[in-house]
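Please work through the following exercises with the sequence and the coordinates at hand, taking each solution one step at a time.

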Amino acid sequence: RNFVKLPFKSFKSRFQNMSRLAVILFAVLAVFLGTAAASDCSSFTACDKCIDYKYFGVSQCEYCPVDSQCHTVGSKYNPCTAAQCVSKSSFAGCGSHTCKLEAEDLTIVKYA
């Protein structure tokens with residue numbers, strides 16, 4: 001008798017290959033999304049815009065008044081200490097969650 005053999009072995013190897021491919025694609029996507037978030041923080045120059053930036057609903061940035069730059073949370077390039085930085089992210093550990101007014105942000109109005 002000739003029975004039809006089902007290709008269980010080939011199905012198993014295909015499934016393993018697809019699983020490996022899914023893991024690789026997930027890793028690439030995670031790196032890409034992390035890089036996108038990191039590059040977005042450096043594009044902000046104002047403190048309020050910096051700390052208000054969210055990526056997928058999570059605050060990603062911290063502002064450093066020492067160098068007047070916006071950095072990704074945990075960046076090794078941020079010269080500020082936790083006491084100096086400003087961020088709304090719970091991961092940042094910054095001492096402040098609100099921006100202080102800077103001289104260039106103030107507009108003086110004279111009344112006649």
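The exercises below concern a predicted model, and they move from a hairpin to the cores, the aromatic pairs and the disulfides.

**Exercise 1. Describe how strand 3 and strand 4 are paired, and state which way the side chains of strand 3 point.**

Begin with the pairing: strand 3 (residues 61-64) and strand 4 (residues 69-72) run antiparallel and are joined by four bridges. Within this pairing, cysteine 64 stands opposite glutamine 69 of strand 4. Next, follow the chain between the strands, where the hairpin has four residues and serine 68 takes a positive phi near 55 degrees. Finally, turn to the side chains of strand 3: Cys61 and Tyr63 point one way, Glu62 and Cys64 point the other way, and all of them are buried. The general background is that side chains in a regular strand alternate between the two faces of the sheet.

**Exercise 2. Identify the residues of the largest nonpolar core, and find which element supplies the largest share.**

The largest nonpolar core has 10 residues, namely Cys41, Cys47, Cys50, Ile51, Tyr53, Tyr55, Cys61, Tyr63, Cys70 and Val86. Helix 2 (47-52) and strand 3 each supply at least two residues of this core, and the largest share, three residues, comes from helix 2. A second, separate core has five residues, including Cys64, Cys85, Ala92 and Cys94. To see the surroundings of one member of the largest core, take cysteine 50, which, leaving aside residues up to four places away in sequence, touches Phe44, Cys61, Glu62, Tyr63, Cys70 and His71.

**Exercise 3. Classify the aromatic pairs, and decide for each ring residue whether it is buried, partly exposed or exposed.**

The count comes to two aromatic pairs. In one of them, the ring centres of phenylalanine 44 and tyrosine 53 are 5.4 Å apart and the planes stand at 45 degrees, so this pair is tilted. Phenylalanine 44 is partly exposed, with a relative accessible area of 22%, whereas tyrosine 53, at 15%, is buried.

In the other pair, the centres of the rings of tyrosine 55 and phenylalanine 56 lie 5.0 Å apart with the planes at 85 degrees; because planes over 60 degrees apart count as edge-to-face, that is the class of this pair. Tyrosine 55 counts as buried at 19% relative accessibility, while phenylalanine 56 is exposed at 68%.

**Exercise 4. Trace the disulfides: what is their pattern along the chain, and what handedness do the links of cysteine 41, cysteine 47 and cysteine 50 have?**

There are five disulfides, and with the bonded cysteines counted along the chain their pattern is 1-4, 2-10, 3-6, 5-7, 8-9.

- Cysteine 41 is joined to cysteine 61 with an S to S distance of 1.9 Å, and the torsion about the S-S bond is about -85 degrees, so this disulfide is left-handed. The pair links distant parts of the chain, with cysteine 41 in helix 1 (residues 8-41) and cysteine 61 in strand 3, 20 residues apart.
- Cysteine 47 and cysteine 99 have their sulfur atoms 2.0 Å apart, and a torsion of about -85 degrees makes their disulfide left-handed. Cysteine 47 lies in helix 2 and cysteine 99 in the segment after strand 4, so the link ties together parts 52 residues apart in sequence. Cysteine 47 is buried at 9%, but cysteine 99 is partly exposed at 26%.
- Cysteine 50 is joined to cysteine 70 (S to S 2.0 Å), and with 80 degrees about the S-S bond this link is right-handed. Both cysteine 50 and cysteine 70 are buried.

Technical notes: Residues numbered from 1 in each chain as written. Predicted model: local features only at pLDDT ≥ 70, side-chain atom pairs only at ≥ 80, totals over all residues. Heavy atoms only, no water. Buried < 20%, exposed > 50% of the residue type's maximum accessible area, 1.4 Å probe, protein only. Pairing = 2+ DSSP bridges. Core = buried A, V, L, I, M, F, W, Y, C linked by side-chain atoms within 4.5 Å. Contact = heavy atoms within 4.5 Å. Phe/Tyr/Trp six-rings, centres within 6.5 Å; stacked < 30°, edge-to-face > 60°. Disulfide = S-S within 2.5 Å.
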